[in-house]
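User: Could you take a close look at one part of this model for me, the region around the contact of two helices, and then set it in the context of the whole chain? I would enjoy a connected account.

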Amino acid sequence: MSKADTTLLDVRAQFPCLDQKVHGKRLAYLDSAATALKPVYVIDAVAHHYTNESANIHRGVHHLSEKATAAFEAARETVRAHLNAAHAHEVIFTSGTTDSINLVAQSFGQLEIGKGDEILVTEMEHHSNIVPWQLLRERTGAVLRVAPITDNGDVDREAFRAALNERTKLVAFTAVSNALGTVNPVAELTREAHAAGASVLVDAAQAVPVQPIDVQALDCDFLAFSGHKVFGPTGIGVLYGKEGLLEAMPPVKGGGDMILSVTFEKTTYNALPHKFEAGTAHIAGAIGLGRALEFVRGLGYGAIEAHEATLLADALNALQSIDGLKLVGTPANRKGIISFLIDGIHPHDLGTILDQEGVAVRAGHHCAQPVMQHYGVAATARASFSIYNNHDDIDQLVAAIRKAQEIFR
Ligand code: C6P
């Protein structure tokens with residue numbers, strides 16, 4: 001057993017989903033970049049909410065509502081502490097990264113971005129960090145610029161700098177690529193964007209599960225992530241925004257909880273963060289997300305990073321020993337996400353055969369079609385690793401790939 005396995009020795013037992021056979025085989029879950037499995041600690045917190053305090057929040061004067069409100073706001077404080085945000089009201093609960101980025105595109109877009117203004121993204125973005133800006137472009141006549149990636153799968157830093165200019169209003173980029181595993185130098189990119197006078201949005205969907213984030217140290221203006229990728233529930237996510245910006249931005253959804261008073265003539269909006277949280281929130285989701293971040297803190301990012309680095313190195317070695325396997329992207333600094341191709345086998349066929357062997361990977365464009373276009377492929381197979389993976393998973397993956405090669409020989 002390797003050191004990484006001993007560091008997180010009892011972690012697997014905390015994920016009940018692992019305790020099952022798939023097509024009669026041990027489950028090797030290598031799709032955590034799509035969504036992470038959930039630990040009992042989180043599942044219990046969600047069940048506890050529905051069992052004991054199932055009430056609406058911010059509205060009721062009764063006991064259950066007060067308990068639910070306290071738990072919901074405690075979860076917000078947990079998120080604040082996790083991100084080292086200056087204020088809890090800088091944490092907006094959304095339905096996920098996609099929702100968070102759309103909120104910025106609509107609200108910041110309405111406030112700050114007009115015809116001819118520029119939004120800069122990178123070529124490695126998830127569709128969630130492309131399409132909202134295209135919609136904004138359609139509404140406003142703004143210009144969407146793209147900083148290319150190198151063939152290794154890193155942001156081309158020179159081209160990034162060259163794309164910044166006095167018309168750049170917002171730079172939006174991912175901290176960790178979901179298709180390539182690339183870890184971007186967030187603080188440096190943010191500094192360069194700020195020097196050009198632009199605001200910065202960081203897509204941290206793949207980063208929060210695997211590396212510590214300090215929004216004050218990074219100095220980003222916005223940061224988005226999803227609960228479900230960090231061992232929390234689906235349907236809940238976060239938009240962090242700097243207080244001054246959020247104060248100035250208009251709400252984009254109207255409804256309950258986001259108002260102070262309503263008449264048919266005029267409505268006044270609630271204070272942050274409620275101004276951006278119209279309607280009944282995903283209360284159990286927020287509570288579960290708070291628990292998930294506590295769980296991550298309990299493990300410690302040091303242990304998480306060490307475990308994943310060992311697995312990544314071993315997985316890269318093992319995969320590269322397979323004849324006919326080609327890695328897609330070899331970034332300088334990467335997290336536990338590996339995209340690859342096998343000669344003569346379409347990624348979807350490969351994914352189906354791996355599934356028969358109990359190995360769960362993702363096959364497709366990973367909602368990052370421009371990345372696929374860069375490499376001239378329609379799809380890749382993608383294995384992604386988390387804290388509950390071990391070397392048996394790598395062995396099972398390699399054996400399953402060899403089996404697929406036998407079948408296609
Ligand atoms: N990537 C993947 O398999 P949502 O769907 O809103 O929770 O997250 C969207 C998103 C945004 N940015 C990045 C970098 C992401 O990886 C994702 C989700 C999953 O890669 C599902 S497509």
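Analyst: Happy to help; here is a walk from the requested part outwards to the chain as a whole.

A word on the ground rules comes before the details. This is a predicted model, in which local features need pLDDT of at least 70 and side-chain atom pairs count only at pLDDT 80 or more, while totals for chains, interfaces and linings use all residues. Residues are numbered from 1 along each chain as its sequence is written, and side-chain values use heavy atoms, with hydrogens and water left out.

Let us begin with Y41, which sits in helix α2 (residues 40-52); helices here are DSSP runs of H or I with at least four residues, strands are runs of E with at least two, and both are numbered from the N terminus. Setting aside residues up to four places away in sequence, Y41 touches R291, E294 and F295, where contact means heavy atoms within 4.5 Å. With E294, the side chain of Y41 makes a polar contact of 2.6 Å. That term stands for a pair of N or O atoms within 3.5 Å; within protein, one must be able to donate a hydrogen and the other to accept it, and residues adjacent in sequence count only if both atoms are side-chain atoms. Y41 has a relative accessible area of 33%, so it is classed as partly exposed; buried means under 20%, exposed over 50%, and partly exposed in between, with a 1.4 Å probe and protein chains only. Q14 is 27 residues away from Y41 in sequence, and their C-alpha atoms are 7.7 Å apart.

Across from Y41 we meet R291, a residue of helix α10 (residues 283-299). The side chain of R291 reaches the backbone oxygen of Y41 at 3.2 Å. Beyond its neighbours within four places in sequence, R291 is in contact with Y41, V42 and A45. R291 is partly exposed because its relative accessible area is 28%. For a sense of distance, the C-alpha atoms of R291 and L30 are separated by 23 Å, with their positions 261 residues apart along the chain.

L30 brings us to another part of the model, since D393 has L30 among its contacts. D393 lies in helix α14, and the side chain of D393 makes a polar contact of 2.8 Å with the side chain of R26. Apart from neighbours within four places in sequence, D393 contacts R12, R26, L27, A28, L30 and Y388. Its relative accessibility is 0%, so D393 counts as buried.

S386 is found in the loop between β17 (380-384) and α14 (391-408). S386 also counts as buried, because its relative accessibility is 5%. Not counting neighbours within four places in sequence, S386 is in contact with S32, F231, H307, E308 and L311.

Some backbone details deserve a stop as well. The peptide bond from L272 to P273 is cis, with omega near 0°, and P273 belongs to the loop between β12 (267-269) and α10. D257 has a phi near 80°, a positive value in a residue other than glycine. D257 lies in the loop between α9 (243-248) and β11 (259-262), and with a relative accessible area of 16% it is buried. C367, not a glycine either, has a positive phi of about 55°. The place of C367 is the loop between β16 (362-364) and α13 (369-375); with a relative accessible area of 23%, C367 is partly exposed.

Now for the whole chain. The protein chain has 14 helices and 17 strands, and its C-alpha atoms fill a box of roughly 75 × 55 × 35 Å along the principal axes. A compact globule of 409 residues would have a radius of gyration near 22 Å, and the protein chain, at 22 Å, agrees with that; the radius is taken over C-alpha atoms, and the globule rule is 2.2 Å times the number of residues to the power 0.38. Buried residues make up 56% of the 409 residues. Among contacts with a separation of 6 or more, 72% join residues 24 or more positions apart.

The accessible surface of the protein chain comes to about 16400 Å², and carbon and sulfur atoms hold 52% of that; these areas come from the Shrake-Rupley method with a 1.4 Å probe, and for residues only the protein chains shown count as cover. As for charge, the chain has 34 positive and 46 negative side chains, and the centres of the two sets lie 2 Å apart. Lys and Arg count as positive and Asp and Glu as negative, without His and the chain ends, and each charge is placed at NZ of Lys, CZ of Arg, CG of Asp or CD of Glu.
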